Amino acid sequence: PTTAPPTAKWDSETEDSSSCFPGDATVALDAGTQQPMRDLRVGDKVLTHNGAFSEVFMFSHRLEEATYNFVEIKTATATLAITGNHYLYINGNLREAQYVSAGDTVTLASGKQDKVLSVGRVKKDGIYYPHTLQGDIVVDGVLTSTYTSAFSPTLAHVVLAPLRGLYQMGVDIFKLDIGNALDQLPAWWKTMYAA
């Protein structure tokens, strides 16, 4: 899918660099169960697209105590709370959530399109930003990307390739001194990791 140009920017009075989902957002696990985002862990296999499951290999954000204003997208069958700069599939293309409007369509877990009935704002607890090996994740029944506007999804997938590779080789990247290691990296890499 291609990234479509923006049409109307979401107006938020409290936007910052956080990008993610609230703690009560749900994901589908390969065991056939639904789990709140707050309970999701590295190594869990979550539904991504076309019935496929992919492992969560890291979190950019995992802030239980934070409260945030999320964009709330409602369809006839799903309600998704997501930060405005997080990508999801709108009208079949990857776009930031802040550009979705009533009448657009989002892609459901089944692959079918569902018309957006309303777009609003909701305050929720928790800021969780999981990354899957595949690059997508189904949240509250809606197919989203695991990437944000900090980088294009294609570039973000390339930039995170070393961390995916370490994870797949069995290296627990969270037991490494990631913070110290990130201080040694170029500014563009640190921006990607923190996005």
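# Notebook: hairpin, core and loop contacts

I began at a strand end: Ile90 has Asn93 in S7 as its bridge partner. I keep in mind throughout that this model is predicted.

**Entry 1. The S6–S7 hairpin**

I looked up the pairing around that bridge. Strand S6 covers residues 86–90 and strand S7 covers residues 93–96. The two run antiparallel, and four bridges join them. They form a hairpin, with two residues between the strands. I checked the turn for unusual backbone angles and noted Asn91, which has a positive phi of about 55°.

**Entry 2. Asn91**

I stayed with Asn91, in the loop between S6 and S7. Is Asn91 buried, exposed or partly exposed? Its relative accessible area is 38%, so I logged Asn91 as partly exposed. Next I listed what Asn91 touches beyond four places in sequence: Asp104, Thr105 and Gln113. I followed up on Asp104. It lies 13 residues from Asn91 along the chain, and the C-alpha atoms of the two are separated by 6.0 Å. Their side chains make a polar contact, at 3.1 Å.

**Entry 3. His86**

I went back along the hairpin to His86, which is found in strand S6. Its relative accessibility is 0%, so His86 counts as buried. I then asked which backbone atom lies 2.8 Å from a polar atom of the His86 side chain. It is the backbone oxygen of Ser145. The contact list for His86, leaving aside neighbours within four places, includes Ser19, Cys20 and Phe21. Arg95, Glu96 and Ala97 are also on that list. So is Tyr129. The run Ser145, Thr146, Tyr147 and Thr148 completes my note on His86.

**Entry 4. The largest nonpolar core**

I turned to the nonpolar residues. In soluble globular proteins, nonpolar side chains tend to be buried together. Here the largest nonpolar core has 25 residues. Which residues have the most contacts inside it? I wrote down Phe21, Val27, Met37, Leu40, Ile73, Leu88 and Val139. Then I sorted the core by element. Those giving two or more residues are S4 (53–75), S5 (79–82), S6, S9 (113–132) and S10 (136–139). S4 gives the most, with four residues.

I picked Leu40 from the core for a closer look. Setting aside residues up to four places away, Leu40 touches Val27, Leu29, Gln35 and Val46, among others. Val56, Phe59, Arg62 and Pro130 are on the Leu40 list too.

**Entry 5. Rings**

Two of the residues touching Leu40, Phe59 and Arg62, turned up again when I searched for charges over rings. The charged end of Arg62 sits over the ring of Phe59, 4.6 Å from its centre.

I also counted aromatic pairs, taking ring centres within 6.5 Å. The count comes to one. The pair is Tyr68 and Phe70, with ring centres 5.4 Å apart and planes at 70°, so I entered it as edge-to-face. The angle cut-off for that class is over 60 degrees. I checked accessibility for both partners. Tyr68 is buried, with a relative accessible area of 4%. Phe70 is buried too, with a value of 1%.

**Entry 6. Thr75 and Ala76**

I moved on to Thr75, placed in strand S4. Thr75 has a relative accessible area of 9%, so it is buried. Its side chain and that of Asp114 are joined by a polar contact of 2.6 Å. A polar atom of the Thr75 side chain also lies 3.1 Å from the backbone nitrogen of Thr77. Beyond four places in sequence, Thr75 touches Val106, Asp114, Lys115, Val116 and Leu117.

Ala76 lies in the loop between S4 and S5. Is Ala76 buried or exposed? Relative accessibility is 64%, so Ala76 counts as exposed. Away from its sequence neighbours, Ala76 touches Asp114, Lys115 and Leu117. I took the separation for Lys115: 39 residues in sequence, and 7.4 Å in space from C-alpha to C-alpha.

**Entry 7. Whole chain**

I closed with totals. The chain has four helices and 11 strands. It runs to 195 residues, and buried residues make up 48% of them. Among contacts with a separation of 6 or more, 63% come from residues 24 or more positions apart.

Definitions and conventions
Residues are numbered from 1 along each chain as its sequence is written. This is a predicted model: local features need pLDDT of at least 70, side-chain atom pairs count only at pLDDT 80 or more; totals for chains, interfaces and linings use all residues. Side-chain values use heavy atoms; hydrogens and water are left out. Rings of Phe, Tyr and Trp (its six-membered ring) pair if their centres lie within 6.5 Å; planes under 30 degrees apart count as stacked, over 60 as edge-to-face and the rest as tilted. Buried means under 20% relative accessible area, exposed over 50%, partly exposed in between (1.4 Å probe, protein chains only). A charge sits over a ring if NZ of Lys or CZ of Arg is within 6 Å of the ring centre and within 35 degrees of the ring normal. Two strands pair if DSSP finds at least two bridges between them. A nonpolar core is a set of buried Ala, Val, Leu, Ile, Met, Phe, Trp, Tyr and Cys residues joined through side-chain atoms within 4.5 Å. Contact means heavy atoms within 4.5 Å. A polar contact is a pair of N or O atoms within 3.5 Å; within protein, one must be able to donate a hydrogen and the other to accept it, and residues adjacent in sequence count only if both atoms are side-chain atoms.
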